[in-house]
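Let's take a walk through this model together, starting with how some of its helices pack and then stopping at a few single residues.

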Amino acid sequence: MVTALSRPTPEPNSDRVKAAIDENLLTPRFYTTDFEKAANLDLSYGEAGLQAMLEEMRADYNRHHFTRDESFEQSWEHIQGEERQAFVDYLERSCVSEFSGFLLFKELSRKLKGRSPLLAEIFNLMARDEARHAGFLNKAMKDFNLSLDLAKLTKQRTYTFFPVEWIIYAVYLSEKIGYWRYILIYRHLEQHPEHRFYPLFNYFESWCQDENRHGDIFKALLRSQPQMWQTWQSRLWSRFFLLSVFATHSLTVHERAKFYEMLGLDAAEFDAAVIRKTNETAARAFPVSLNVDHPEFLQRMERAAGRNLRLKELAQSQAPRFVKQLRKLPLILGIVGDLLRLYLIRPIDAESLRNTVR
Ligand SMILES: [Fe+2]
Ligand SMILES: [Fe+2]
């Protein structure tokens with residue numbers, strides 16, 4: 001884990017450009033993979049699906065969507081204090097996460113060029129979308145006198161290596177969970193326009209369709225690799241990635257409760273809705289989905305999120321180091337214990353459900 005860099009004191013009325021972000025376990029990571037293996041993937045099982053997705057990506061439905069309209073042209077200085085901090089934090093993490101997708105897709109497209117033309121073009125078009133998303137969020141940050149130096153960030157951050165299969169499971173889920181987060185916020189604000197405190201949210205409906213398409217591309221990729229859904233190992237990995245993505249989501253949403261409150265949403269309810277929807281969607285791609293209706297599921301997840309909040313408070317407290325370490329231990333063990341129990345809850349067999357439906 002990279003230690004947090006101290007924040008420089010901003011000059012009054014000047015923009016603060018950040019080249020580093022305050023990191024913890026929940027900060028979106030930058031990924032790299034085995035490009036050689038990616039270039040040699042046998043796509044014969046999923047070629048038709050991927051070709052269809054490529055046509056969709058070429059159509060570029062959102063070509064003109066990410067243009068800032070006049071609703072942005074006003075001062076946002078009335079958003080202050082804890083609310084401003086919560087919103088800026090949301091923008092920053094979202095921007096880093098979109099940008100992380102851009103870097104991975106761009107690198108994949110560069111390395112696969114001339115070797116796996118279909119995938120190279122698809123990744124290039126997905127990188128196009130993520131660059132738009134990250135750029136749009138970075139512009140929103142500028143409205144709050146802050147921006148990310150994405151070029152410097154690219155060079156300074158450490159990259160986490162994931163084998164190709166892990167990338168496919170993890171990116172599929174992050175695209176689909178991203179879709180559900182954006183669309184659920186959008187639909188909620190349609191019902192409660194009084195909570196639209198900033199125009200960014202008006203863009204979420206078409207935006208989330210990009211994420212949905214990206215997810216479908218990764219679904220086609222996943223289904224083109226039979227070892228990723230036919231084997232018992234694939235069932236264990238699917239459970240692992242579902243749980244990791246849900247836990248990261250849950251802990252982040254509870255940390256960001258203030259932001260959801262600004263939207264008029266209850267963090268715990270939003271958390272549960274996103275998990276339910278993503279789990280349902282994932283059953284179309286993964287060999288298993290999680291039994292999120294098990295009475296212990298959301299209960300343990302919420303308890304883990306609560307313990308994570310206490311860890312955060314502890315890190316910010318003035319207590320001596322050894323006291324902090326001592327108090328940290330039971331909280332960490334508690335989180336690990338809950339997640340382990342959740343992992344062991346019997347999953348739902350998505351493959352046999354799929355066969356029944358057909
Ligand atoms: Fe995106
Ligand atoms: Fe995406």
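In this predicted model, the axes of helix 8 and helix 10 (residues 267-282) come within 9 Å and cross at roughly 160°. Angles over 145 degrees count as roughly antiparallel, so helix 8 and helix 10 are roughly antiparallel to each other. Their crossing is right-handed. If you would like to find the contact on screen, look on the helix 8 side for Leu242, Phe246, His249, Ser250, Val253 and His254. Facing them from helix 10 are Ala267, Phe270, Asp271, Val274, Ile275, Asn279 and Ala282. Sorted by class, this contact has eight nonpolar, four polar and one charged residues.

Next comes another partner of the same helix. The axes of helix 8 (residues 232-255) and helix 11 (residues 297-316) come within 9 Å, with a crossing angle of roughly 55°. That angle makes helix 8 oblique to helix 11. Here, too, the crossing is right-handed. Helix 8 brings Phe246, Ala247, Ser250, Leu251, His254 and Glu255 to the contact, while helix 11 supplies Met301, Ala304, Ala305, Asn308, Leu309 and Lys312. Seven nonpolar, three polar and two charged residues make up this contact between helix 8 and helix 11. Phe246 is worth a second look: this residue takes part in the contact with helix 10 and in the contact with helix 11. Ser250 is also listed for helix 10 and for helix 11, and His254 likewise belongs to the contact with helix 10 and to the contact with helix 11.

How do helix 8 and helix 12 lie to each other, oblique or roughly parallel? Their axes come within 10 Å and cross at roughly 140°, and helix 8 and helix 12 are therefore oblique to each other. Helix 12 spans residues 321-344, and the crossing of helix 8 and helix 12 is right-handed. Arg239, Leu243 and Ala247 of helix 8 meet Leu339, Leu342 and Tyr343 of helix 12. These residues divide into five nonpolar, no polar and one charged. Ala247 links back to the previous pair, as this residue is listed in the contact with helix 11 as well.

The three helix pairs can be set out together:

| Pair | Axes come within | Crossing angle |
|---|---|---|
| helix 8 and helix 10 | 9 Å | roughly 160° |
| helix 8 and helix 11 | 9 Å | roughly 55° |
| helix 8 and helix 12 | 10 Å | roughly 140° |

While you are at helix 10, have a look at Ala268, which is found in that helix. Ala268 counts as partly exposed because it has 17 C-beta neighbours inside 10 Å. Ala268 and Ala257 are 11 residues apart in sequence, and their C-alpha atoms are 8.4 Å apart in space.

Now to helix 7, which covers residues 204-223 and has 20 residues. From its first C-alpha to its last, helix 7 reaches 28 Å, close to the 28 Å expected at 1.5 Å a residue. Helix 7 is mostly covered, with 14 of its 20 residues buried.

Is Phe218, a residue of helix 7, buried or exposed? With 23 C-beta neighbours inside 10 Å, Phe218 counts as buried. Leaving aside its neighbours within four places in sequence, Phe218 is in contact with Ile168, Val171, Tyr172 and Glu175. Phe218 and Met53 are 165 residues apart in sequence, yet 10.0 Å apart in space, C-alpha to C-alpha.

Helix 4 (residues 117-142) holds Ala120. This residue has 19 C-beta neighbours inside 10 Å and so counts as partly exposed; the cut-off for buried is 20 or more. Apart from neighbours within four places in sequence, Ala120 is in contact with Ser109, Leu112 and Lys113. The C-alpha atoms of Ala120 and Glu47 are separated by 13 Å, with their places 73 residues apart along the chain.

Two loop residues round off the walk. Asp60 lies in the loop between helix 2 (47-59) and helix 3 (81-112). Its phi is near 50°, a positive value in a residue other than glycine. Asp60 counts as partly exposed, with 13 C-beta neighbours inside 10 Å. Asn145 sits in the loop between helix 4 and strand 3 (146-148). Phi of Asn145 is near 60°, again a positive value in a residue other than glycine. With 16 C-beta neighbours inside 10 Å, Asn145 counts as partly exposed.

Note on methods:
Residues numbered from 1 in each chain as written. Chains lettered and ligands numbered in written order. Predicted model: local features only at pLDDT ≥ 70, side-chain atom pairs only at ≥ 80, totals over all residues. Helix = DSSP H or I, 4+ residues; strand = E, 2+ residues; numbered from the N terminus. Expected span 1.5 Å × (residues − 1). Buried ≥ 20, exposed ≤ 12 C-beta atoms within 10 Å, placed from the backbone. Axes fitted to C-alpha atoms, helices over the stretch in contact; angles between N-to-C directions. Parallel < 35°, antiparallel > 145°, perpendicular 65-115°, else oblique. Left-handed = near helix turned anticlockwise from the far one by under 90°. Contact = placed C-beta atoms within 7 Å. Nonpolar A, V, L, I, M, F, W, Y, C, P; charged D, E, K, R; others polar.
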